[in-house]
Amino acid sequence: RQENLKLANVTRQEKKRKRIDDIFNLFTERQTVTNDEVEKYLHVSDATATRYLETLEKENQIKQVGKTGKGVKYEKI
């Protein structure tokens, strides 16, 4: 039972990492990416898209341009 939980956790983390890497790859095609674009691209909720983008920000791979709302975009560093 414990093994199954560990495996499920590892699988979940790998899936999350792959999605974050997929977002980062979007920056090879475009200058900027919005939260909405990430939602549509990955078919995830607004909150999930925000978390993924924040992860890339914390890793210093992208930066947020604009404060809040529709004006916010993200650029590759």
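## A walk through a chain of three helices and three strands

Of the 77 residues of the protein chain, 27% count as buried, where buried means under 20% relative accessible area, exposed means over 50% and partly exposed lies in between, with a 1.4 Å probe and protein chains only. The model is a predicted one, in which local features need pLDDT of at least 70 and side-chain atom pairs count only at pLDDT 80 or more, while totals for chains, interfaces and linings use all residues. Residues are numbered from 1 along each chain as its sequence is written, and side-chain values use heavy atoms, with hydrogens and water left out.

The secondary structure of the protein chain comes to three helices and three strands; helices (H or I, at least four residues) and strands (E, at least two) are DSSP runs numbered from the N terminus. Read along the sequence, these elements follow the pattern α-β-α-α-β-β, and the C-alpha trace spans about 45 × 20 × 20 Å along its principal axes. Contacts, meaning heavy atoms within 4.5 Å, also link distant parts of the sequence: among those in the protein chain with a separation of 6 or more, 39% are between residues 24 or more positions apart.

The strands form an open sheet of three, in the order E1-E3-E2 and with antiparallel pairing. E1 and E2 are the edge strands, each of them pairing on one side only. Two strands pair if DSSP finds at least two bridges between them; E1 and E3 are joined over two bridges, and E2 and E3 over four. Tyr-74 in E3 gives a useful point of orientation, for Tyr-74 is the bridge partner of Val-33 and also has Gln-64 standing opposite.

Helix H1 has 28 residues and reaches 42 Å from its first C-alpha to its last, close to the 40 Å expected at 1.5 Å a residue, the expected span being 1.5 Å times one less than the number of residues. Buried in H1 are Ile-20, Asp-22, Ile-23, Leu-26 and Phe-27, and these residues pack against strand E1 (32-33), H2, H3, E2 and E3.

Phe-27 also takes part in an aromatic pair. A pair of aromatic rings is described by the distance of the centres and the angle of the planes. Rings of Phe, Tyr and Trp (its six-membered ring) pair if their centres lie within 6.5 Å, and planes under 30 degrees apart count as stacked, over 60 as edge-to-face and the rest as tilted. By this rule the count comes to one aromatic pair: Phe-24 and Phe-27, tilted, at 6.5 Å centre to centre with 45° between the planes. Both residues lie in helix H1, three residues apart, about one turn of the helix. Phe-27 counts as buried because its relative accessibility is 6%.

Thr-28, which also lies in H1, counts as exposed because its relative accessibility is 61%. A polar atom of the Thr-28 side chain lies 2.5 Å from the backbone oxygen of Asn-25. From Thr-28 to Lys-70 the separation is 42 residues in sequence and 22 Å in space, C-alpha to C-alpha.

Helix H3 (residues 46-58) has 13 residues and reaches 18 Å from its first C-alpha to its last, close to the 18 Å expected at 1.5 Å a residue. The buried residues of H3 are Thr-48, Ala-49, Tyr-52, Leu-53, Thr-55 and Leu-56. They cover an arc of only 150° around the axis, which puts them on the same side of H3; the arc is that of the directions from the helix axis to the C-beta atoms. What covers these buried residues includes helix H1 (2-29), helix H2 (35-42), strand E2 (62-65) and strand E3 (73-76).

Within H3, Thr-48 counts as buried because its relative accessibility is 15%, and its side chain makes a polar contact with the side chain of Arg-51 at 3.1 Å. A polar contact is a pair of N or O atoms within 3.5 Å; within protein, one must be able to donate a hydrogen and the other to accept it, and residues adjacent in sequence count only if both atoms are side-chain atoms. H3 is followed by Asn-60, whose phi is positive, near 55°.
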